[in-house]
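Work through the exercises below with the sequence and the model at hand. Each task is followed by a solution in steps.

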Amino acid sequence: MGRDITKCHPELQVLAARLIEKCRKKGLIVKLGECYRTVEEQNRLYALGRTEKGNIVTYAKGTDYDSMHQWGIAFDIIRNDGKEAYNNSDGWFNKAGKIGKDIGLEWGGDWTKPVDLPHFQLKYWGSTPAGLKKLYKTPDNFKKTWKDVFIAKKEEYEVVETGYININGRTIKIDKIVKDGRNFINLRGLENAGFTVGYNSSTKVPSLDNKTEDIDISANGNISRIKAINIKGNNYVQIRELAKVLGDIEVGYTDGTVILNKTERY
Ligand SMILES: [Zn+2]
C-alpha cells in the first residue's frame with residue numbers, strides 16, 4: 001500500500017529519483033517504500049499495536065492528517081541489495097540519509113522521537129504537519145496547489161544547500177544554491193547578518209522557479225537591478241553582484257567560505 005511516488009508532490013518525485021540515482025552511484029541500492037497514504041491507510045497503520053495485533057509503527061492518526069505521508073511530501077526507503085530491508089548494521093541508512101540531506105531533503109534519522117531512518121520529506125513546511133494543517137486544513141486542499149509547481153528539466157533543478165559566509169569576521173550559516181558554477185545566496189540570510197538591504201521583488205513565485213531573472217534591489221537608497229533565482233519566495237542572489245550594488249563590500253573566498261567585508265558601517 002501507499003507505494004506510488006507519482007501520487008506525491010512533484011518536487012518530492014524529482015528528489016526521490018535523484019536520491020535513488022545518487023545512492024546508486026555510491027553503491028547503495030535503494031527502493032522506495034511507503035510514499036503517499038490515504039486517511040484509511042494511515043488509520044490502518046495507526047491501529048497496529050493499539051486496536052489491532054502487532055507492533056506500534058506510527059504515532060500519526062489518519063483522521064488527524066498527522067503523517068507527512070498523507071500530505072504527499074514524504075517517502076520511506078528500503079535497501080534492495082539482498083540484505084534485510086532495514087538492516088543498518090553497516091550504517092547503510094545513515095549513508096543514504098546523508099545523501100538525502102545533501103540534495104535538500106529532511107531525513108527522519110535526525111529526529112529523536114522517534115528516530116525514523118528510512119524516512120525523507122520536503123522541508124519547506126516544517127518537520128510536522130502542523131504548518132500544513134494551518135495553511136491548508138486538508139491534504140486535498142494542499143494538493144490543489146501542486147499544479148502550480150513548476151519543475152523544469154530534472155537536471156536543471158536547483159537544490160538549496162547550507163553554506164557559510166563570513167561577514168566582518170563573523171561566520172553565519174546561509175542558504176545557497178549553485179547554478180552554472182556560481183554561488184547564489186539567500187538574500188534574507190544577509191538581512192539576518194545585520195545588513196540593511198531592502199528589495200522590491202516582482203517575482204512572488206510561491207513555488208520553485210529555475211530561471212534567473214532581474215530583480216530590483218534597494219541598497220543604501222539606490223535601486224539597482226541584479227540577477228536572482230526565486231525559490232519559495234526567497235530571492236537568491238550572486239554575492240559578487242550584490243557586493244557591486246552595495247559598493248563598499250569586498251568579496252573573497254577562503255577554505256570554501258565566502259568572505260564579505262564591509263569597508264564601512266551604515
Ligand atoms: Zn515515513
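**Exercise 1. Find the residue that stands opposite Leu 32 in β2, then place β2 among its neighbouring strands.**

Step 1. Leu 32 faces Ile 77 of β2. Numbering starts from 1 along each chain as its sequence is written, and strands (DSSP runs of E, at least two residues) and helices (H or I, at least four) are numbered from the N terminus. The model is predicted, so local features need pLDDT of at least 70 and side-chain atom pairs pLDDT 80 or more, while totals for chains, interfaces and linings use all residues; side-chain values use heavy atoms, without hydrogens and water.

Step 2. Strand β1 (residues 30–32) pairs with β2 in the antiparallel sense over three bridges; pairing requires at least two DSSP bridges between two strands.

Step 3. β2 also pairs with strand β4 (residues 119–121), antiparallel and over three bridges. Here Ala 74 has Gln 121 of β4 as its bridge partner.

**Exercise 2. Decide whether the faces of β2 are buried or exposed.**

Step 1. Buried means under 20% relative accessible area, exposed over 50%, and partly exposed in between (1.4 Å probe, protein chains only).

Step 2. On one side Ala 74, Asp 76 and Ile 78 are buried, and on the other Phe 75, Ile 77 and Arg 79 are buried.

Step 3. Six of the six residues of β2 (residues 74–79) are therefore buried, and the strand is largely enclosed by the rest of the structure. For the protein, 45% of the 266 residues count as buried.

**Exercise 3. Which residues coordinate the zinc ion, and how are they spaced?**

Step 1. Donors are N, O and S atoms within 2.8 Å of the metal (3.2 Å for Na, K and Ca); water is not among the atoms, so sites may look incomplete.

Step 2. His 69 (NE2), Asp 76 (OD) and His 119 (ND1) coordinate the zinc ion at 2.0 Å. The donor residues follow the spacing H-x6-D-x42-H.

Step 3. Because His 69 lies in the loop between α2 (39–47) and β2, and His 119 in strand β4, the pair ties together parts 50 residues apart in sequence.

Step 4. His 69 is buried, at a relative accessible area of 3%; His 119 is buried too, with a value of 3%.

**Exercise 4. Where is confidence lowest and highest?**

Step 1. pLDDT is the predictor's confidence in each residue, from 0 to 100. Its mean for the protein is 79, and 71% of the residues reach 70 or more.

Step 2. Strand β8 (residues 197–200) is lowest, with a mean of 43, and strand β3 (residues 106–107) highest, at 98.
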